Protein chains: 2
Amino acid sequence: MAKSKNTEQKIFDAATELFLEKGVDRTSVREIAAKAGINLALMNYYFRSKENLFDAIFSMLVKKNSEELIRILDSDLGLFEKIRQYVHVYIDMLSDNPLLVSFVMAILHRSRERITEMKVISSLYSTDQFTKQILEEGKKGNIRRTDPTHFFVDMLSLIAFPFAIRMLVMDKNNFTQEEFNQFIRERKDRVPDILIESLKPRS
Amino acid sequence: MAKSKNTEQKIFDAATELFLEKGVDRTSVREIAAKAGINLALMNYYFRSKENLFDAIFSMLVKKNSEELIRILDSDLGLFEKIRQYVHVYIDMLSDNPLLVSFVMAILHRSRERITEMKVISSLYSTDQFTKQILEEGKKGNIRRTDPTHFFVDMLSLIAFPFAIRMLVMDKNNFTQEEFNQFIRERKDRVPDILIESLKPRS
DNA sequence: AAATCGTTTTAAACAATGTTTAAAACAGGG
DNA sequence: CCCTGTTTTAAACATTGTTTAAAACGATTT
């Protein structure tokens, strides 16, 4: 067990860098091996497959980023403030990690096959506390009675989809990268406003 | 030029069927050739590459489906009614063509490379008339003053993203396929409600 | 110190992919 | 009937992820 941890780490690091830089599909295992300075077969020796290697890296990335989101959902903040914070932090997170967006896209793209990774993403959304909160506030009449699943899907959609169609938005509006960033920043207030408005009791 | 149109069509049809059935990435050109009953090289003779073949098929599919959407956006319906119809038709379209969803996912996934297909999608959104309408209604005070780009992105997000995360939603809520379909159906009224609510002047 | 045993590394090959080549088959017009 | 351009074919190519079987290594036992 001399250099074992060492090589495994070298593969992991090289792959992470390349995956993030060029995307999973456009990175070959030979490239990874070259960058890590190791033999090709070692990749399959330590990780059973490229897919497996991706899983490991992805899990690591998600875990690193998801803690704060989960903490917010489980906190005892008021519903509206919770929504504001969640959206804010989530959009910041996706802004800071473009790679994360493209990873998730890759997974969603083949969602039927990528069940393992799907579970990892799924673990990001422990919505029990949040669900309860929505139901209770609805019962109390503080907000409109709302299906928590629908609401959560609405929230995720408004947060994440704009990143997925970034190229489309930029092309359509002749945005520079910086203008797109600004566009996204504006959504940090806009999205919570829409969501909260949809919860307010009818006038 | 004897059987030329014939073979080209045979390739096109076989590929369409396979792409829709198993997805683009999981369909090999040899499979297409076999199904079409033609020689492997003919695929590259008529279409320059697999990518190109995909483009041709995708453009065809989009054109077939997008007419109605464009017609609605350009119509002189009232804003709220226009939103309702657009969302309704769009969600129906995505429900009826799961393949279309997975195609778009594939394209968005590699949006940096797939510029051709991006343009095809982009052509789907001739929002000039719709943009003008939002600005005018805002000026008149009938609705809140709203950035049309943001609003259109909101609308697309709420319509399309749930399809992208279908597996996640099903897994999280233990939905059957039919229950998911029902969930989507519910959104045909829900999504316009949210959007319209977000436009209504503050109370 | 030498031998043994499990772990790590290596070079080579494998099967499957998309793509290209160079020649053959074909069709129609001079 | 031959010539010319189009269509088709079989074979090969380069690149992918993965596997194999042997070599190198390291520590433990004899």
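The following paragraphs describe how the protein chains surround DNA strands C and D in a predicted model.

Around DNA strand D, 19 residues are found, of which A:Val29, A:Arg30, A:Lys50, B:Tyr45 and B:Tyr46 are the closest. Sugar and phosphate make up 48% of the atoms of DNA strand D that come within 4 Å of the protein. At least two residues of the surface near this strand are supplied by each of helix H2 (29-36) and helix H3 (40-46) of chain A and helix H1 (4-22) and helix H3 (40-46) of chain B, and the largest share, four residues, comes from H3(B). By residue class, the surface near DNA strand D divides into eight nonpolar, seven polar and four charged residues. Phosphate oxygens of DNA strand D are approached by chain B through an N or O atom in the side chain of B:Tyr46, at 2.6 Å, through an N or O atom in the side chain of B:Thr7, at 3.3 Å, and through a polar backbone atom of B:Asn39, at 3.5 Å.

DNA strand C is likewise surrounded by 19 residues, with A:Tyr45, A:Tyr46, B:Val29, B:Arg30 and B:Lys50 coming nearest, and sugar and phosphate account for 49% of its atoms that come within 4 Å of the protein. Here helix H1 (4-22) and H3 of chain A, together with helix H2 (29-36) and H3 of chain B, each provide at least two residues of the nearby surface, to which H3(A) gives the most, with four residues. The surface near DNA strand C comprises eight nonpolar, seven polar and four charged residues. An N or O atom in the side chain of A:Tyr46 lies 2.5 Å from a phosphate oxygen of DNA strand C, while chain B offers a backbone N or O atom of B:Val29 at 2.8 Å from a phosphate oxygen of this strand and a polar side-chain atom of B:Lys50 at 2.9 Å from a phosphate oxygen of the strand.

Methods
Residues numbered from 1 in each chain as written. Chains lettered and ligands numbered in written order. Predicted model: local features only at pLDDT ≥ 70, side-chain atom pairs only at ≥ 80, totals over all residues. Heavy atoms only, no water. Near = heavy atom within 4 Å. Polar contact = N/O pair within 3.5 Å; in protein donor to acceptor, adjacent residues only side chain to side chain. Nonpolar A, V, L, I, M, F, W, Y, C, P; charged D, E, K, R; others polar.
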